[in-house]
Amino acid sequence: MYKILVINPGSTSTKIAVYEDENQRLKKVIDHDVNELKKFKAVADQYEFRKNMILQFLSEEGINLHSFSAIIGRGGLLRPIPSGTYEINDRMLEELRSAKYGEHESNLGALIANELAEQIGVKAYIADPVVVDEMEDIARVSGHPFFHRKSIFHALNQKAVARSLSEKLGRNYYDLNLIVVHMGGGISIGVHKKGKVVDVNNALDGDGPFTPERSGTLPLVGFIDLCYSGKYSEGEIRKLIKGNGGLIAYLGTNDVREVVKRIKSGDKKAELVYFGLIHQIVKWIGKMSAVLNYDVDAIALTGGMAYENEFLVPQIKEKVSFIAPVYVFPGGDEEKALALAALRVIKQEEPAKMYK
Ligand SMILES: Nc1ncnc2c1ncn2[C@@H]1O[C@H](COP(=O)(O)OP(=O)(O)OP(=O)(O)O)[C@@H](O)[C@H]1O
Ligand SMILES: CCCC(=O)O
């Protein structure tokens, strides 16, 4: 029996899971208050904070760190790479520590997994990091040669949900055309064309619908005016795109449950903003369906927001069901996907890839 520790730091939460072979024994989702995270200037500064929460969880559950056969963390911003399980190496660690390709909470996944694995002398891995790139060249064309569209998205959950959906449909992932909509702290809408994500919004860099804490695509000229207004530093403007945008900017909270509560108590501003968010998600589903010539076998809704059954799931279903049947995978399958990825390598069913 192999015991795997799964570490999944997201933008609004840290998820921890313990697997024994394919079976989940424990899982904890620690939601982070937006003000708590605001104390940290850079994502890397959250390292000790998030690591200590994981160690505290293990100690509360009476789990000895030395009992694990391997540790796997959610992978972060690296150079664009193929889908797969990667053994954590020095190059990867150096690039994540220095945020060479940018800052993201999942950068901490590999760093923490590596430190804990070293302490107990086992291997550490990441799988399907946010930089998995299967985009078709036509989707990279941005509109100006200075800019290229990039594949940065919730690859791990998108792939796991796409596989679960294929299983549910009794079909092979590589024979299907799917739209997968991950709605968490960030939102990505992926076009899975016969097993490859050939187009997706860059969920991190101001592309796509707005989200609980990101602005998504903004009106460009207004944005340029703001950049040159002299009112904001570069750091503040970056935060406005990621961290302090979206629901936080409009309503002061990134918690969708809180927004729903406000709407139900008659808050019209909350209703307008939230329904505006749903409106944008629906537009992106339509846009991505066009990439598949509207030949879509199924649409999957996932991520934490897919638990929201009062407004979000029913409204999306109402508006896009004519394109294809909609299936809901609330929360997603990220921890299971990570555990299975580690197991496939430990059991030598698949070689670990090397990040170069
Ligand atoms: N039961 C629920 N009902 C409604 N909304 C929920 C529920 N659970 C979580 N959410 C919302 O989902 C969002 C967080 O989703 P999730 O946990 O997938 O994000 P994350 O892992 O922090 O970030 P990301 O998915 O971008 O990596 C928050 O806005 C949260 O309020
Ligand atoms: C870029 C994918 C992950 C996120 O949005 O946080």
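## Exercises on a predicted model

Val260 lies in helix H10 (residues 256–264); helices here are DSSP runs of H or I with at least four residues, strands are runs of E with at least two, and both are numbered from the N terminus. This is a predicted model, where local features need pLDDT of at least 70, side-chain atom pairs count only at pLDDT 80 or more, and totals for chains, interfaces and linings use all residues. Residues are numbered from 1 along each chain as its sequence is written, with chains lettered from A and ligands numbered from 1 in the order in which they are written.

**Exercise 1.** Work out why Val260 is classed as partly exposed.

*Solution.* Start with the cut-offs: a residue is buried if 20 or more other C-beta atoms (placed from the backbone) lie within 10 Å of its own, exposed if 12 or fewer, and partly exposed in between. Next, take the count for Val260, which is 18 other C-beta atoms within 10 Å, so Val260 is partly exposed. Then look at its contacts, meaning C-beta atoms, placed from the backbone, within 7 Å. Leaving out residues up to four places away in sequence, Val260 touches Glu308, Glu310 and Phe311.

**Exercise 2.** Place strand S4 (residues 70–74) among its neighbours.

*Solution.* Begin with burial: 5 of the 5 residues of S4 are buried. Ala70, Ile72 and Arg74 point one way, while Ile71 and Gly73 point the other way. Now find the pairing, which requires at least two DSSP bridges between two strands. Strand S1 (residues 3–9) runs parallel to S4 and is joined to it by 4 bridges, with Val6 partnered by Ile72. Strand S6 (residues 123–127) also pairs with S4 in the parallel sense, over 5 bridges, and there Ala127 stands opposite Arg74.

**Exercise 3.** Locate the largest nonpolar core relative to the domains.

*Solution.* First, the term: such a core is a set of buried Ala, Val, Leu, Ile, Met, Phe, Trp, Tyr and Cys residues joined through C-beta atoms within 7 Å. The largest one has 94 residues, and Ile72, Tyr125, Ala300 and Ala342 have the most contacts inside it. Helix H13 (residues 334–346) gives the most to this core, with 9 residues. Domain 1 (3–131 + 334–354) and domain 2 (170–324) both contribute residues, so the core lies between them; these bounds come from an automatic or database domain assignment. Finally, return to Ile72: among the residues touching Ile72 are Tyr125, Leu338 and Ala342, with those up to four places away in sequence not counted.

Note on methods
Two residues are in contact if their C-beta atoms, placed from the backbone, lie within 7 Å.
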